[in-house]
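Reader: I want to know what the words for this model rest on. Can we go through them one by one?

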Amino acid sequence: MRWDDKLLNRVITEDDFSFSKHTTYGLGGKAKRAYFPKTVDEAVAVFKYIQESGDKFAILGNGSNILASDGYFDGAVICTKYLQGIEFEDGNINVLAGTTVPSLLSFCVKNGLSGLEYLAGIPASVGGLALMNGGINTNHIDANIVSVDVFDGKIRNLSNKNCNFGNKHSTMRDIIALILSVKLLVSQSTPEEVQRNIDNYLNLRKIQPKGKSCGCVFKNPQGYSAGKLIDDAGLKGFKYGCAEVSKEHANFIINNGACANDVYTLINLVKSTVYEKFTVNLEEEVVYIGEFNVFNS
């Protein structure tokens with residue numbers, strides 16, 4: 001038995017994995033099998049095994065920026081939700097990719113570490129935030145990232161500069177690799193001050209739309225607000241099947257039923273309508289998994 005085989009036998013697996021149970025949209029069909037590594041060594045072993053097998057695969061963190069199709073995904077899922085851990089060293093926090101924002105911020109409060117409070121209320125894993133350069137309008141995680149460890153056949157340490165962060169984008173979106181951990185820069189504060197800052201950001205997020213969604217669907221085009229463009233196009237509250245453009249924030253599409261293809265079709269209707277009215281191309285933040293029916297305007 002090979003060393004990798006021993007590690008693989010430790011990994012939690014799930015056959016007929018349900019995307020609807022593991023995404024904030026609550027949508028999607030099933031996948032052949034999912035792997036849930038708990039350590040970096042297990043994650044590397046799973047990634048190597050799946051790549052060598054030649055199977056299709058998708059990588060899932062907290063499932064907060066994902067729209068999975070209704071059909072069967074004949075491949076594997078690497079889910080990092082159990083790949084969690086946090087250490088503080090030399091002014092930096094080293095965080096495993098599956099660590100959630102609440103866990104990260106609890107660590108920061110306990111240790112009086114400031115600089116990440118703006119992440120409060122974002123339902124994401126740290127790996128997903130690095131992948132998407134997540135954050136809020138005024139702050140994005142690239143400002144805190146020192147480096148990212150990924151595995152693409154070998155473990156590589158990507159400096160902030162080599163991550164090529166942009167508008168909801170990073171190098172990690174352009175390569176076939178698994179994010180293992182992220183090193184974040186923080187500053188020393190007090191637990192009380194960090195908690196106050198978190199509470200302030202959570203209060204600001206109370207106006208976010210309720211219901212099942214992936215958060216903002218579209219990136220803000222240069223010089224524009226995607227939500228305002230959609231609102232000005234008269235689409236706020238517009239429905240297609242089980243999907244609805246939020247009446248509270250037009251850059252949110254809410255799932256009111258159980259059909260991913262309705263959400264996908266509405267996304268494309270919004271894109272085409274905004275382009276017809278304002279000749280502005282909206283680009284999705286949301287990441288698609290699986291195959292969708294082609295939208296035909």
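Author: Start with the pocket. On a 1 Å grid over the protein atoms alone, a pocket is an open set of points with protein on both sides within 12 Å along at least five of seven lines, whereas a cavity is a set where a 1.4 Å probe fits but cannot get out; a lining residue has an atom within 4 Å of a point. The model is predicted, so local features need pLDDT of at least 70, side-chain atom pairs need 80 or more, and totals for chains, interfaces and linings use all residues. Residues are numbered from 1 along each chain as its sequence is written, and side-chain values use heavy atoms, with hydrogens and water left out.

Reader: What makes up the lining of the second largest pocket?

Author: There are 16 lining residues. Nearest the centre are Asn94, Leu96, Asp149, Ser181 and Val182. The pocket holds about 210 Å³, a volume filled by probe spheres set on grid points that are joined across faces, edges and corners.

Reader: Which strands supply at least two residues each of that lining?

Author: They are β6 (86-89), β7 (92-96), β9 (145-151), β10 (155-159) and β11 (178-185). β11 gives the most, four residues. These names come from DSSP runs numbered from the N terminus: strands are E, at least two residues, and helices are H or I, at least four.

Reader: How many lining residues of each class are there?

Author: Eight are nonpolar, five polar and three charged. Nonpolar covers Ala, Val, Leu, Ile, Met, Phe, Trp, Tyr, Cys and Pro; charged covers Asp, Glu, Lys and Arg; the others, Gly among them, are polar.

Reader: Why is asparagine 133 called buried?

Author: Compare its value with the limits: buried is under 20% relative accessible area, exposed over 50%, partly exposed in between (1.4 Å probe, protein chains only). Asparagine 133 has 3%, so it is buried. It sits in the loop between α4 and β9. Its phi is near 50°, a positive value in a residue other than glycine.

Reader: And why is aspartate 90 called exposed?

Author: Its relative accessible area is 72%, so it passes the exposed limit. Aspartate 90 lies in the loop between β6 and β7. Its phi is also positive, near 55°.

Reader: How do you know whether threonine 171 is buried or exposed?

Author: Its relative accessibility is 14%, so threonine 171 counts as buried. It belongs to the loop between β10 and β11. Neighbours within four places aside, it is in contact (heavy atoms within 4.5 Å) with Asn162, Cys163 and Asn164.

Reader: What makes phenylalanine 278 partly exposed?

Author: Its value is 29%, so it falls between the two limits. Phenylalanine 278 is in helix α7 (residues 260-278). Beyond four places in sequence, its contacts are Leu229, Asp232 and Ala233. Its C-alpha atom is 8.4 Å from that of alanine 233, which is 45 residues away along the chain.

Reader: What makes tyrosine 264 and tyrosine 288 an edge-to-face pair?

Author: Rings of Phe, Tyr and Trp (its six-membered ring) pair if their centres lie within 6.5 Å; planes under 30 degrees apart are stacked, over 60 edge-to-face, the rest tilted. Here the centres are 5.2 Å apart and the planes meet at 80°, so the pair is edge-to-face. Tyrosine 264 is in helix α7 and tyrosine 288 in strand β16 (residues 287-289), 24 residues apart. Tyrosine 264 is buried at 17%, while tyrosine 288 is partly exposed at 27%.

Reader: Why is the pair of tyrosine 264 and phenylalanine 292 called stacked?

Author: The ring centres are 4.6 Å apart and the planes are at 20°, so the pair is stacked. Phenylalanine 292 lies in the segment after β16, 28 residues from tyrosine 264. Both residues are buried.

Reader: How many aromatic pairs does the whole structure hold?

Author: The search finds 10. Ring pairs also link Phe17, Phe19, Phe36, Phe73 and Tyr82 into a cluster.

Reader: What makes a nonpolar core, and which members of the largest one touch the most others?

Author: A core is a set of buried Ala, Val, Leu, Ile, Met, Phe, Trp, Tyr and Cys residues joined through side-chain atoms within 4.5 Å. The largest has 52 residues, and Ile93, Leu104, Leu116, Leu119, Val148 and Met172 touch the most other members. A second, separate core of 26 residues includes Val217, Leu229, Leu235 and Val270.

Reader: Which residues of helix α3 are buried?

Author: In α3 (residues 101-111), Val101, Leu104, Leu105, Phe107, Cys108 and Val109 are buried. Their cover includes β6, β7, β11 and α5 (191-204). Glycine 112 follows α3, with a positive phi near 60°.
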